[in-house]
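Me: I would like to go through the charged side-chain pairs of this model one at a time. Please reason from the structure shown below.

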Amino acid sequence: MPGDFVWVWYQPWADRGIWENTYAVMSDADLLDYESISAADQLEVPWLMIHGDNCFIPDAARRHMSAVPVETKTKTVWDETPHLAYYDQPDAIARATAEVLDWFGKA
């Protein structure tokens, strides 16, 4: 996974010598060919998106939000939380978990 975005998060672990700094490039084919807008366009169940401008590919998130049918019950939490904070920052995880529990508890 090239790029500064990923490197900044993984680098502290990469420098410890715990993992080999490689990945299976053949997995790129599935990732790069993946298309989900057509699924968003058919969504009929309640839907929650937690995202923001500091998350990975915010324009793609916006495209997905706009593709969901207007009659589908949705909620979007758009804030300044960095994407990778949701991986290992207790405050970000707690906020997101609270949103999920509240949203799907009412949905």
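**Salt bridges and their surroundings**

Reply: In this predicted model, D91 and R95 form a salt bridge in which the closest N and O atoms are 3.4 Å apart.

Me: Why can D91 and R95 be described as about one helical turn apart?

Reply: General helix geometry comes into the reasoning here: an α-helix has 3.6 residues a turn, so residues three or four places apart point the same way. D91 and R95 both belong to helix α6, and about one helical turn separates them because their spacing along the chain is 4 residues.

Me: Are D91 and R95 buried or exposed, or partly exposed?

Reply: Buried would require a relative accessible area under 20%, and exposed one over 50%. D91 has a relative accessible area of 47%, while the value for R95 is 40%, and each of the two residues is therefore classed as partly exposed.

Me: Which residues are joined into one network by salt bridges that share partners?

Reply: Among the 5 salt bridges that the structure holds, one brings together the side chains of D59 and R62, with an N to O distance of 2.9 Å. These two residues lie 3 residues apart in helix α4, which spans residues 58–67, and both are partly exposed, D59 at 48% and R62 at 33%. Salt bridges with shared partners make one network of D53, D59 and R62.

Me: Which parts of the chain does the salt bridge between K75 and E99 link?

Reply: The closest N and O atoms of K75 and E99 are 2.7 Å apart, and the two residues form a salt bridge. This pair links distant parts of the chain, with the two positions 24 residues apart in numbering: K75 belongs to strand β2 (residues 74–78) and E99 to helix α6 (residues 90–106).

Me: What is the relative accessibility of K75 and of E99?

Reply: The cut-off that matters here is 20%, since a residue counts as buried under that value. K75 and E99 both count as partly exposed, and their relative accessibilities are 26% for K75 and 24% for E99.

Me: Which elements do the buried residues of α4 pack against?

Reply: Whereas D59 of the salt bridge in this helix is partly exposed, the buried residues of α4 are P58, A60, A61 and A67. The elements against which the buried residues of α4 pack are α3 (37–40), β1 (47–51) and β2.

Note on methods. Residues numbered from 1 in each chain as written. Predicted model: local features only at pLDDT ≥ 70, side-chain atom pairs only at ≥ 80, totals over all residues. Heavy atoms only, no water. Salt bridge = Lys/Arg side-chain N within 4 Å of Asp/Glu carboxyl O. Buried < 20%, exposed > 50% of the residue type's maximum accessible area, 1.4 Å probe, protein only. Contact = heavy atoms within 4.5 Å.
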